[in-house]
Amino acid sequence: MSVNQQAHTGPPYGQPQPGYQGYQQPAYGGQSLPGVPRSQYGAYNGPMPEYQQPVPPQGYFPSLGFPSKGSPVSLNSDSSSLAPNFIGSLRAPPTSGAPPPASGASHPSGHLAYSQFEHGDVQNGIPASAAPMQRPPASQPFLPGSGSTPVSQPSAFQQYGPPPASVQQLSNHMAGMTIGTATASAPPPAGLGYGPPTSVPPVSGSFSPPGSGLYTPYSATQGPPPTSVPQGLPVAQPPFPGQTVSTQRLPTQVPGFAPPPPSTGVGPSSYPPTTGAPRPPAMPGPPLPGQTLAGPPSSQPNHVTSPPPPAALAGLHPGPPMSGLHGPPPPTHPPQPGYQMQQNGSFGQVRGPQPNYGGAYPGTPNYGSPPGPPPPPKRLDPDSIPSPIQVIEDDRSNRGSEPFVTGARGQVPPLVTTNFLVKDQGNASPRYIRCTSYNIPCTSDMAKQSQVPLAAVIKPLATLPPEETLPYLVDHGESGPVRCNRCKAYMCPFMQFIEGGRRFQCCFCSCVTEVPPHYFQHLDHTGKRVDFYDRPELSLGSYEFLATVDYCKNNKFPSPPAFIFMIDVSYNAVKSGLVRLICEELKSLLDYLPREGNMEESAIRVGFVTYNKVLHFYNVKSSLAQPQMMVVSDVADMFVPLLDGFLVNVNESRTVITSLLDQIPEMFADTRETETVFAPVIQAGLEALKAAECAGKLFIFHTSLPIAEAPGKLKNRDDRKLINTDKEKTLFQPQTSFYNNLAKDCVAQGCCVDLFLFPNQYLDVATLGVVPYQTGGSIYKYAYFQLETDQDRFLNDLRRDVQKEVGFDAVMRVRTSTGIRATDFFGAFYMSNTTDVEMAGLDCDKTITVEFKHDDKLSEDSGALLQCALLYTSCAGQRRLRIHNLSLNCCTQLADLYRNCETDTLINYLAKYAYRGVLSSPVKTVRDALINQCAQILACYRKNCASPSSAGQLILPECMKLLPVYLNCVLKSDVLQPGPEVTTDDRAYIRQLVTSMDVAETNVFFYPRLLPLTKADVDSDSLPAAIRNSEERLSKGDIYLLENGLNIFVWVGVSVQQGLIQNLFGVSSFGQISNTLSALPVLENPFSKKVRSIVDMLQGQRSRYMKLIIVKQEDKLEMLFKHFLVEDKSLSGGASYVDFLCHMHKEIRQLLS
Ligand SMILES: [Zn+2]
């Protein structure tokens, strides 16, 4: 191998490039910004437009001022001898590095030809929107691939010719790189201000005083879509006698919230039986005998409705004796069909006067009694309050067997914890979009009154189970997708064809557009096009369009993307064995780069860089006998010293690459360099992609705080003393705006950054994470990385990260029908205007949460529509549009809103909202605002939908009965209420992770899954029934598994039978179990096999490989484990579920009084 060294003599690039102006998308149309004319799309020049040779880039080679080639130096020489100031020589523009032509041929297997669409599956057509599109009569002619339909040929990939030599144009991006000049240091994208009044227009936001209206949460209502309830009929009726109701009474509230009584371990069997009802009552537990409500505590001010006499309180028994339904049988309320079970759970009382209801509650530090045992006996029976386990189990048994068919508008899908199949009949699958509510209030006033946020959690490239069909790829040829002339919405099932099919009226903006001649089709007698079932865009909720050149940057089809692996080779990285591990792994992993469909090999090119205080680039051109290294030590002005041979095809350069990967660990084996740079590494990757004129991803493996002299240099500013002060927010903010500017440049180029961190101390995740975060990338963190215990986890994460489906250079826009609009966005992306979500990369695990607000009235007849359009470049370099449509109902009765909410999605939104809030507000303010918003949501329900006669009772909407317990989990999470063991980096890391999580991930992250392994049936494939996350549910004779998406704990009780210990751990006693195991030993017995299969199954369900931690009861590590028993009081001061429920009850009553 040779190393070319050269001195960098001058600015490598020519003219500075103007700052990034945001995604130029005249062609992307849409609700364009004022003043921005929508362009007409130019003609598409056929599937393989000729590549326009770009004008030779200015200022790269000739005038570059790059040094001439230096003498090759052996790569094997001590790198330190390559003194600084060696700079790689510039080579001529690449000629061979051009992207290989995508193997033409067939379309990706992922995209089935539409002709495979099963007509028979389309049952109900699309629900009527404005004008009903009825299902054609049975005699509907079946038009398999009818004539003119271009649909069925998801044609081959565009052939991309090798980029012209001139492609290597590098533009100077330095203009955007000045340090410290930027404005705000806070990461939230412009225009998205969190929290305070400003960002949440009309309402004062959830983080504001009560009364302000945000939106309302959702609840997961199951069951048939509610029909609107007759006016005036209270929705939440008190339980009827005989009905299983979720009524419970809260036994007393004791001052100071007594800790849970020592209860004996309750096994899963202690759960209340599920009722057969579709949606079992919230509260398990036997009905209470005729009492209805619990009155407010004596200290409670009058209730508007009916202040229960104090006496009533006394009459309520706390605890166990809950039998009989309680609840004033309001015979006047006829049971609502299909909704009976949806009763709210009313919680009864409190017994005895309760002074001090209010004490210190969550926001207050030190709330809660010390771990020690305070006495008070009276408390709510945990079995009588809504159980997440029960709700999950009920949904599984009620909704897990039937496929979820998306034909009807506003259907609430099964919970994320239920396994179900989806059949797309016109609305996007819940795997792509979930909403906080599937029934939106017609007016802004209603929405504000309820405070239920209206939001959609969108995962545009979600992975589907094998049984479900991937979106079809539609190719309209040179004319591109058919769109509304005004709002640019894409053709979808809700567009209304009129005038015999010659025009169509937009379902989003009502504008009428001519149907292009090539797209014309006759209508049947119901007004539906006769090719309805042949066209995915007319009959399905999700599909893709092949994009024309108008949807490409610079009106040029993109080159296939590139992956660049950038490895920290400083002392720590080398000494820990990390460098060797990565190099070994890459040798085989490069064979698994993402491929499209049935392509033989990946179109993705790869490149390699190593770095410490300087950067080393490698020429791995296939014609070389050995790789060549070029060192760039002038990190202040980063450039790429070679073009030809840096990005290569793996198969063509395999020998050279393998040689390089063998040599890297040896080359740096004796390094003593401890300092690293970071920003220049990203800049180098960015410049390389710019030079190659392609999008791509950087995989950066980094170990320490970048303190070496260079742009983006950081200092250690960690200060735990800031916790619980007004300055705590600074811990989450980047310490310099440099990275925000760099991120902007990366997004403009489609340069996505995935960051793997291996810190042994603080390395400022909040700052290092800015670029990954804003480019749609991922961050992985392995603190105190040790080969023996962490390599499996790291390698599994790396393999998945490299192989997973990802789209590049993506822009997402969400269009809505008149009356609501997208106002706020959460996730890993960048926004340069208020409507376009830009992501240099978007993978199949990333979620974007979108909040909506009213800007006009909605109508019950037409409902509301969302259309999410994602423009992206596939891993083969094909430009595509993925479209997801969803229709929602609208209501004039609050009760309909509360019956069609989904609490899991609501929590996903609230957590993201709160986690963004900590960037700009004190954590306590954020917590208080969350509590306040949820209290308002529940109070609104209580006031408007529940029986007026039960004022003092806690009544929760059926769909939201888990809101308190889940909300409490968010409040006591590490970001909002960290325990002493949680580092600043952990908090920043978790904050970023949660921001991109989907609903299933936030669900298990905030309320972990706890499984009694010793109850598992070794002969079946099923999991043991989960139990609630509370210590009192654990038995010391059992072994449990707890998982939250990041960790798996295996907790072993002190009295577990010796035989079980032997079978699982291969040791003879509890004392011999090692708590440093990172995996369970492989033993040949049924119990060991069963447990390992459970662990494997859980690992397979998560997007990250979870760390396995063995916890022995009464061992030190148990503290860590107990942190995840989220129904209990936490050491950091988090309230127990019971206490929090009492607190919410109090808050609600205050709002109602
Ligand atoms: Zn329109």
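Helices (H or I, at least four residues) and strands (E, at least two) are taken here as DSSP runs, numbered from the N terminus. By that definition, Glu 514 is found in strand S12. The structure is a predicted model, in which local features need pLDDT of at least 70 and side-chain atom pairs count only at pLDDT 80 or more, while totals for chains, interfaces and linings use all residues. Residues are numbered from 1 along each chain as its sequence is written, and side-chain values use heavy atoms, with hydrogens and water left out.

The protein chain as a whole contains 23 helices and 31 strands. Of its 1153 residues, 65% are buried, where buried means under 20% relative accessible area, exposed means over 50%, and partly exposed lies in between (1.4 Å probe, protein chains only). Contacts, meaning heavy atoms within 4.5 Å, reach far along the sequence: among those with a separation of 6 or more, 81% are between residues 24 or more positions apart.

A convenient place to start a tour is the zinc ion. Its protein donors are the SG atoms of Cys 484, Cys 487, Cys 506 and Cys 509, at 2.2 to 2.3 Å from the ion. Donors are N, O and S atoms within 2.8 Å of the metal (3.2 Å for Na, K and Ca); water is not among the atoms, so sites may look incomplete. The arrangement is tetrahedral because the four donor atoms subtend angles of 100 to 116° around the zinc ion. For four donors, that label asks for all angles to lie between 85 and 135 degrees; four count as square planar and six as octahedral if opposite donors are over 155 degrees apart and all others between 65 and 115, and anything else is irregular. Along the chain, the donors follow the spacing C-x2-C-x18-C-x2-C. Cys 487, in the loop between strand S9 (473-474) and strand S10 (496-498), and Cys 509, in the loop between strand S11 (503-505) and strand S12 (512-514), are 22 residues apart and link distant parts of the chain. Both Cys 487 and Cys 509 are buried.

Several residues fill in the picture of this stretch of the chain. Val 482 sits in the loop between S9 and S10 and is buried, at 4% relative accessible area. Beyond its neighbours within four places in sequence, Val 482 is in contact with His 476, Ala 489, Tyr 490, Met 491, Phe 504, Pro 516 and Tyr 519. Its C-alpha lies 9.7 Å from that of Thr 513, 31 residues away in sequence. A similar pairing joins Val 482 with Glu 514: 32 residues apart in sequence, 9.9 Å apart from C-alpha to C-alpha. Glu 514 itself touches Arg 502, Arg 503 and Phe 504, not counting residues up to four places away.

Phe 520 follows in the loop between S12 and helix H5 (536-539), and counts as partly exposed at 29% relative accessibility. With the residues up to four places away set aside, Phe 520 touches Gly 500, Gly 501, Arg 502, Val 515 and Arg 529. The C-alpha atoms of Phe 520 and Gly 501 are 6.6 Å apart, with their positions 19 residues apart along the chain.

Two residues have a positive phi although neither is a glycine: Asn 554, at about 55°, and Asp 809, at about 50°. Asn 554 belongs to the loop between strand S13 (542-546) and strand S14 (562-568) and is exposed, at 74% relative accessibility. Asp 809, by contrast, lies in strand S21 (residues 806-816) and is buried, at 10%.

Further along, helix H15 (residues 903-917) meets helix H19 (residues 999-1006), their axes coming within 9 Å and crossing at roughly 80°. Axes are lines fitted to C-alpha atoms, for helices over the stretch in contact, and angles run from 0 to 180 degrees between N-to-C directions. H15 and H19 are therefore roughly perpendicular, a label for 65 to 115 degrees, with angles under 35 counting as roughly parallel, over 145 as roughly antiparallel and the rest as oblique. H15 contributes Asp 904, Thr 905, Ile 907, Asn 908, Ala 911 and Tyr 915 to the contact, and H19 contributes Val 999, Thr 1002, Asn 1003 and Phe 1006.

Ser 996 lies in the loop between helix H18 (984-995) and H19 and is buried, at 9% relative accessibility. Its C-alpha is 4.9 Å from that of Gly 827, 169 residues away along the chain.
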